[in-house]
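Q: Please give me a close look at one part of this model and stay with it long enough to build a connected picture. I would like to follow the side-chain pairs there first, and then what lies around them.

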Amino acid sequence: MKESEKASLKIPGMSARLLACAGFLRGRALADIGTDHAYLPAFLAKSGKIPRAVASDIAEGPIRAAERTLREYGVENLVQLRQGNGLSVIDPGEADDIVIAGMGGDLIVQILSGAPWLRSERYRIVLQPMTQEPAVRRWLFDNSFAILSEEAVLSGGKVYTVMCAEWGNGSQKEKTPGYFYFGLADPKTPAGAAYFEKVRRRIQKMLRGAEIRKNTLKAEEFREILKEMNEKESAS
């Protein structure tokens, strides 16, 4: 068993989706935005994976819960808590790896838009949207960020995707229409197959809506995306 897996057993709140986020980090100073109970920075600090972290949340309740987590695992000297909105509580250069997890994609886009200093090759951004993944991928593409890797993960009976992105790095290479819906998830893994099925149901619903509205252009776009998904799943 890896050391990270041993440490995760000591922090019950470290779900599979948070472990997936941890797997994309480089071991540098961390900012965990929307930290809730601070399970992720506590796990990373306890296992020696990061030198320090700033963990923030907009509400007082999660900050109090995070304080208890840090005390319980003896890492309060390595993780600084701040209450505030998004990345407004982080100074540019204070953290090199940024995690924004467990919130809607529209809110993630709003938070990223409010921090133009992220447009630097210094930073790695790890994102785990609960909804609206296409909006996140579109924002990253439109703002010259490249998704370096993406992992679908099954956690708590649901399937999520975790994206690892950096500014620049060939981000403006042409993307297919389907890319913004299913990203770089691997349909050959159990979690990836579940994620593709989740996306397929979403596209099929939008296709039916377009057909009802007699929007032929949109309907054809959704059919092409479904075809693209089928080809990706059948590829060796």
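**Two helices and the charged pairs on them**

A: Glu211 and Arg223 form a salt bridge, with their closest N and O atoms 3.0 Å apart. This pair joins distant parts of the chain, since Glu211 sits in helix α8 and Arg223, 12 residues away, in helix α9 (residues 216-234). A salt bridge here is a side-chain nitrogen of Lys or Arg within 4 Å of a carboxyl oxygen of Asp or Glu. Helices (H or I, at least four residues) and strands (E, at least two) are DSSP runs, numbered from the N terminus.

A word on the ground rules: this is a predicted model, in which local features need pLDDT of at least 70 and side-chain atom pairs count only at pLDDT 80 or more, while totals for chains, interfaces and linings use all residues. Residues are numbered from 1 along each chain as its sequence is written, and side-chain values use heavy atoms, with hydrogens and water left out.

Back to our pair: Glu211 is partly exposed at 39% relative accessibility, and Arg223 is partly exposed too, at 37%. With a 1.4 Å probe and protein chains only, buried means under 20% relative accessible area, exposed means over 50%, and partly exposed is in between.

Staying on α8 (residues 190-212), Glu197 and Arg201 also meet in a salt bridge, at 3.9 Å from N to O. These two residues are 4 apart in the helix, so about one helical turn separates them. As a rule, an α-helix has 3.6 residues a turn, so residues three or four places apart point the same way. Glu197 has a relative accessibility of 34% and Arg201 one of 48%, and both count as partly exposed. The pair belongs to a wider network of salt bridges that links Glu197, Arg200, Arg201 and Glu233.

Now for the helix itself. The 23 residues of α8 should span 33 Å at 1.5 Å a residue, and its end C-alpha atoms are indeed 33 Å apart. That expected span is 1.5 Å times one less than the number of residues. Among the buried residues of α8 are Tyr195, Phe196, Val199, Ile203 and Leu207, and Arg200 from the network is buried as well. Which elements cover them? The cover includes α6 (133-142), β6 (145-155), β7 (158-167), α7 (179-182) and α9, where contact means heavy atoms within 4.5 Å. After α8 comes Lys214, whose phi is positive, near 60°.

The partner helix, α9, has 19 residues and reaches 27 Å from its first C-alpha to its last, close to the 27 Å expected at 1.5 Å a residue. Its buried residues are Ala219, Phe222, Ile225, Leu226, Glu228 and Met229, and they pack against α7 and α8.

Two loop residues beside α6 deserve a glance. Gln132 lies in the loop between β5 and α6 and has a phi near 55°, positive in a residue other than glycine. Ser144, in the loop between α6 and β6, likewise has a positive phi, near 70°. Gln132 is partly exposed at 41%, and Ser144 is partly exposed at 25%. For context, most residues other than glycine have a negative phi, and most peptide bonds are trans.

To set these pairs in their wider count, the structure holds 16 salt bridges. One of them brings together the side chains of Arg122 and Asp96, at 2.5 Å from N to O. Arg122 lies in the loop between α5 (105-113) and β5 (124-129) and Asp96 in the loop between β3 (79-83) and β4 (97-103), so this pair ties together parts that are 26 residues apart in sequence. Arg122 is partly exposed, with a relative accessible area of 39%, whereas Asp96 is buried at 13%.
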